[in-house]
Amino acid sequence: MAKSQRFASVWDAIENTPEEAENMKLRSALMMVIEQYVHGKKLTQTEAAKVFGVTQPRMSDLMRGKVSLFSLDVLVTMASAAGMSVKLQVLEAA
């Protein structure tokens, strides 16, 4: 019987390297904050697209969780366009 592995995050399980997993964790966290903003303000995708400076189809991709289509740079720019401030905290790995 094969021994099962446990991972701290789904990204740790599916990405090829720890570096790729960290990048995906940050991207997905930013996407969740943007999505929460949209839901909290009760914006349509068209309205949200205007706020974040993207097209409605691009907003749809974000709302559907297509993490691989968004870079950290784009997500930081989108958050900034909506008046958000993004702070990064770097911790030493345990």
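A crossing of two helices is called left-handed if the near helix is turned anticlockwise from the far one by less than a right angle. Keep that in mind as we walk through this predicted model, where helix 2 passes helix 5 in just such a left-handed crossing.

Let's look at that pair in more detail. Two packed helices are described by the angle between their axes and the distance between the axes. Here helix 2 spans residues 18–40 and helix 5 spans residues 72–81. They pack at an angle of about 25°, and their axes are 10 Å apart. Angles under 35 degrees count as roughly parallel, so helix 2 is roughly parallel to helix 5.

Which residues make the contact? From helix 2 come Asn23, Leu26, Arg27, Leu30, Met31 and Ile34, and they meet Leu72, Leu75, Val76, Met78 and Ala79 of helix 5. Sorted by character, the residues of this contact comprise 9 nonpolar, 1 polar and 1 charged.

Helix 2 has another feature for you to find on screen. Side chains of opposite charge can pair when their charged atoms come close. The structure holds 1 salt bridge, and Glu22 forms it with Lys25. The closest N and O atoms of Glu22 and Lys25 are 3.0 Å apart. Both residues lie in helix 2, with a spacing of 3 residues, about one turn of the helix.

Are these two partners buried or exposed? Glu22 has a relative accessible area of 42%, so it is partly exposed. Lys25, with a relative accessible area of 23%, is partly exposed as well.

Terms used. Residues numbered from 1 in each chain as written. Predicted model: local features only at pLDDT ≥ 70, side-chain atom pairs only at ≥ 80, totals over all residues. Heavy atoms only, no water. Axes fitted to C-alpha atoms, helices over the stretch in contact; angles between N-to-C directions. Helix = DSSP H or I, 4+ residues; strand = E, 2+ residues; numbered from the N terminus. Parallel < 35°, antiparallel > 145°, perpendicular 65-115°, else oblique. Contact = heavy atoms within 4.5 Å. Nonpolar A, V, L, I, M, F, W, Y, C, P; charged D, E, K, R; others polar. Salt bridge = Lys/Arg side-chain N within 4 Å of Asp/Glu carboxyl O. Buried < 20%, exposed > 50% of the residue type's maximum accessible area, 1.4 Å probe, protein only.
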